[in-house]
Amino acid sequence: MLEKRTADTTHALASDPSEEAGTGSISPVSPLTREFSGSGSLSGLEVVPLEADRMEEAADLEQRCYPHPWSRALVRGEFQKDISARFGAILDTRLVAYCFTYIIPEEMHILNLAVAPECRGHGIARRVLCHSLVSGIHRGVRSVSLEVRPSNKSAISLYASLGFKRVAVRLNYYRDNGEDALLLERKLSLQDLSSLKKRC
Ligand SMILES: CC(C)(COP(=O)(O)OP(=O)(O)OC[C@H]1O[C@@H](n2cnc3c(N)ncnc32)[C@H](O)[C@@H]1OP(=O)(O)O)[C@@H](O)C(=O)NCCC(=O)NCCS
């Protein structure tokens, strides 16, 4: 089992991820009122591998994105791990989103996906996630998984839109409030490349 993380609206972790209770499909939620309050064009947005020179910026962004963020040390630690694969979205030289994953042979686990609050609702999360998936496929990944809070409707809708299915429920997974986690999975193959690339 991959190392667990602490925090988020989705991402504080439980003590034991082994409990599972039920499977099923997930469906997109109705669009909610979007919270975008930024201005300017996103046409210059670029998704790139997230290197260590952006480590402190990523730690700053983490603090802004979650009510229970990863500590700065935890964010820094992700940049040191061999199994870590990270992408970030840069807008006007500023990091506005990131996706942290682990890749072990043929499997990817999404640890953290976050977009700056003022930039949400413009497809940035989908682009960063699709970059991560495309990169994973090129590295031999054939299955991708993640945990998400049932209350995180926007994230669930995003993952559903990219073909993730619920495969289990991890009971009392999140330490901060005891919320369960939905374990979502998606298979990947070379045939997925062209549709994912179109969404990058
Ligand atoms: C969840 C999050 C990453 C989405 O980022 P985003 O850039 O706003 O998402 P996108 O604009 O790429 O939206 C892609 C899809 O997600 C879903 N979505 C995103 N925001 C939504 C909202 N407020 N309501 C409903 N669906 C939403 C939709 O399916 C959307 O597709 P559509 O635009 O075709 O309707 C962002 O809200 C965030 O950073 N939240 C805090 C951190 C977090 O919870 N991360 C997820 C951890 S599992």
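Reader: Between which strands is the loop in which Asn172 lies?

Author: The model discussed here is a predicted one. In its loop, Asn172 takes a positive phi of about 50°, although this residue is not a glycine. The loop lies between strand 6 and strand 7.

Reader: Does Asn172 count as exposed, partly exposed or buried, and why?

Author: A residue with 12 or fewer C-beta neighbours within 10 Å is exposed, and one with 20 or more is buried. Asn172 has 14 such neighbours inside 10 Å. It therefore counts as partly exposed.

Reader: How does Asp92 count, as buried or exposed?

Author: Asp92 lies in the loop between strand 2 and strand 3. Its phi is also positive, near 50°, in a residue other than glycine. Because Asp92 has 10 C-beta neighbours inside 10 Å, it counts as exposed.

Reader: In what order do the strands of the open sheet stand?

Author: The sheet has 7 strands, and their pairing is mixed. The twist from one strand to the next averages 25°. The strand order is 1-2-3-4-5-7-6.

Reader: Which strands stand at the edges of the sheet?

Author: An edge strand here has a single partner strand, so one side of it is left without a neighbour in the sheet. The order 1-2-3-4-5-7-6 shows the ends of the row. The edge strands are strand 1 (46–49) and strand 6 (165–170).

Reader: How many bridges join strand 5 to strand 7?

Author: These two strands run antiparallel. Val144 stands opposite Arg186 in strand 7. The number of bridges joining strand 5 to strand 7 is 6.

Reader: At what angle does helix 3 run to strand 3?

Author: Helix 1 lies across strand 3 and strand 4, and runs at about 95° to strand 3. Helix 3 lies across strand 1, strand 2, strand 3, strand 4 and strand 5. Its angle to strand 3 is about 35°.

Reader: Which element gives the most residues to the largest nonpolar core?

Author: The largest nonpolar core has 47 residues, and those with the most contacts inside it are Ala97, Tyr98 and Val128. Elements that supply at least two residues each include helix 1 (55–65), strand 2 (84–91), strand 3 (94–104) and strand 4 (107–115). With 8 residues, the element that gives the most is helix 3.

Reader: Which residues does Val128 contact, leaving aside neighbours within four places in sequence?

Author: Val128 is among the residues with the most contacts inside the largest core. Two of its partners, Ala97 and Tyr98, are named with it in that group. The full set of contacts is Val47, Phe87, Ala89, Ala97, Tyr98, Cys99 and Leu113.

Reader: Within what arc do the buried residues of helix 4 fall, seen down its axis?

Author: The buried residues of helix 4 (residues 153–161) are Ala155, Ile156, Leu158 and Tyr159. They line one face of the helix, because they fall within an arc of 160°.

Reader: Against which elements do these buried residues of helix 4 pack?

Author: Just after helix 4, Gly163 takes a positive phi of about 90°. The buried residues of the helix pack against helix 3 (124–138), strand 5 (143–148) and strand 7 (181–187).

Reader: Over which residues does pLDDT stay under 50?

Author: The mean pLDDT of the chain is 85, and 80% of its residues reach 70 or more. Where pLDDT is low, the predicted coordinates should not be read in detail. The stretches with pLDDT under 50 include residues 12–25 and residues 27–39.

How values were computed
Residues numbered from 1 in each chain as written. Predicted model: local features only at pLDDT ≥ 70, side-chain atom pairs only at ≥ 80, totals over all residues. Helix = DSSP H or I, 4+ residues; strand = E, 2+ residues; numbered from the N terminus. Arc of directions from axis to C-beta. Contact = placed C-beta atoms within 7 Å. Core = buried A, V, L, I, M, F, W, Y, C linked by C-beta atoms within 7 Å. Pairing = 2+ DSSP bridges. Axes fitted to C-alpha atoms, helices over the stretch in contact; angles between N-to-C directions. pLDDT = per-residue confidence, 0-100.
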